[in-house]
Amino acid sequence: SARDQRDPFSRDQLNKLFTSPLYTGCRSERFCAEPGEHSMRNTARYWLPLLGLLSGARLNELCQLTPADVREEDGIAFLDITNEADGQRVKTTSGKRRIPIHRQLHDLGFPEFAAQRGSEGADLLFPELTLDASGYRSGEFSKFFSRYLERIEVKTEKTSFHSLRHNFEDACRNGEVQPHIMNALQGHAEQGMAGRYGDGRYRLDILRDAMGRVEYGGLALRHIS
């Protein structure tokens with residue numbers, strides 16, 4: 001099962017990741033696991049782990065985002081996970097969904113980052129991520145992230161970027177997010193007869209309220225700038 005294949009990161013592992021040079025300043029983009037003065041803030045390497053932890057989205061879903069996919073409706077900012085742009089794909093029909101942007105991503109300036117990308121005329125939120133031979137943008141980043149985890153001594157046999165999705169699910173459970181809402185946020189099909197009727201979409205305010213229950217007690221993110 002997926003639960004047997006991957007472990008969520010422990011709180012200590014998460015704190016080690018988010019206090020590592022990628023977030024506190026590194027030597028250079030090439031030597032981003034070594035401390036220094038270089039900021040990685042405008043890169044996929046900086047944002048994707050934060051997005052993974054605070055949205056629960058799959059890695060490739062995040063890698064293929066465009067600036068236009070960071071949207072706002074009725075005052076609620078959200079990620080529009082879709083397959084409408086060239087090269088975009090979703091794992092299943094249920095994968096097409098709206099994920100409200102977590103308040104900590106707001107605090108870190110993610111919507112402003114996306115708006116800046118849009119004002120620059122970028123086709124992609126992370127244009128440095130290119131398609132691999134299989135048609136995914138996530139391949140090279142997945143390899144980088146595993147190497148980075150090894151460099152900062154966080155990697156284990158059962159941890160990877162996908163572990164962040166497990167962390168998000170646990171945070172939903174501990175925040176008492178109802179299972180069907182958790183499924184909607186993560187792009188899982190609704191189970192039973194309920195999954196056969198209607199369009200399967202929940203109002204954004206319902207999803208936003210659920211996202212407000214997702215917390216990571218003891219996780220230090222205030223230092224990130």
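**A walk through the predicted model**

Let's start with helix α10, residues 179-186, where 6 of the 8 residues are buried, so this helix is largely enclosed by the rest of the structure. Keep in mind along the way that the model is predicted. The buried residues of α10 are Ile181, Met182, Asn183, Ala184, Leu185 and Gln186. What lies over them? The cover includes α4 (44-55), β3, α9 and α11 (204-211). Just after α10 comes Gly187, and its phi is positive, near 80°.

Two of the elements that cover α10, β3 and α9, make good next stops. We can reach β3 by way of its partner, strand β2. Strand β2 spans residues 76-81, and 6 of its 6 residues are buried, so the strand is largely enclosed by the rest of the structure. In a regular strand, side chains alternate between the two faces of the sheet. In β2, Ile76, Phe78 and Asp80 point one way, while Ala77, Leu79 and Ile81 point the other way, and all are buried. Asp80 is thus one of the buried residues here, pointing the way that Ile76 and Phe78 do.

Strand β2 has a partner in β1 (residues 70-73): the two run antiparallel and are joined by 4 bridges. If you would like a pair to look for, Val70 has Leu79 of β2 as its bridge partner. The connection between β1 and β2 is a hairpin with 2 residues between the strands, and Asp74 in the turn has a positive phi of about 55°.

Strand β2 also pairs with β3 (residues 97-100), again through 4 bridges and in an antiparallel arrangement. Two bridge pairs help to set the register: Ile81 is matched with Arg97 of β3, and Phe78 with Pro100 of β3. The side chains of β3 go two ways as well, with Arg97 and Ile99 pointing one way and Arg98 and Pro100 the other, and all of them are buried.

Now for the open space in the model. Rolling a probe the size of a water molecule over the atoms shows where empty space is left. The largest pocket has a volume of about 690 Å³. Which of its 24 lining residues are the closest to its centre? They are Arg58, Lys91, His162, Arg165 and His166. By type, the lining divides into 6 nonpolar, 8 polar and 10 charged residues. Helices α1 (2-5), α5 (59-63), α8 (139-151) and α9 each supply at least two residues of this lining. The largest share, 5 residues, comes from α9, a helix that we met above as part of the cover of α10.

Let's stay with α9 for a moment. This helix covers residues 163-174, and Arg173 has its place there. Is Arg173 buried, partly exposed or exposed? Its relative accessible area is 39%, so Arg173 counts as partly exposed. The side chains of Arg173 and Asp170 are joined by a polar contact of 2.8 Å. Lys91, one of the residues closest to the centre of the largest pocket, is 82 residues from Arg173 in sequence and 23 Å from it in space, C-alpha to C-alpha.

Our last stop is Ser138, in the loop between α7 (110-119) and α8. Ser138 counts as buried because its relative accessibility is 12%, below the 20% limit for that class. What does Ser138 touch beyond its neighbours within four places in sequence? Its contacts there are Leu59, Asn60 and Cys63.

Terms used
Residues are numbered from 1 along each chain as its sequence is written. This is a predicted model: local features need pLDDT of at least 70, side-chain atom pairs count only at pLDDT 80 or more; totals for chains, interfaces and linings use all residues. Side-chain values use heavy atoms; hydrogens and water are left out. Buried means under 20% relative accessible area, exposed over 50%, partly exposed in between (1.4 Å probe, protein chains only). A polar contact is a pair of N or O atoms within 3.5 Å; within protein, one must be able to donate a hydrogen and the other to accept it, and residues adjacent in sequence count only if both atoms are side-chain atoms. Two strands pair if DSSP finds at least two bridges between them. On a 1 Å grid over the protein atoms alone, a cavity is a set of points where a 1.4 Å probe fits but cannot get out, and a pocket is an open set with protein on both sides within 12 Å along at least five of seven lines; lining residues have an atom within 4 Å of a point. Grid points are joined across faces, edges and corners, and a volume is the space filled by probe spheres set on the points. Ala, Val, Leu, Ile, Met, Phe, Trp, Tyr, Cys and Pro count as nonpolar, Asp, Glu, Lys and Arg as charged, and the others, Gly among them, as polar. Contact means heavy atoms within 4.5 Å.
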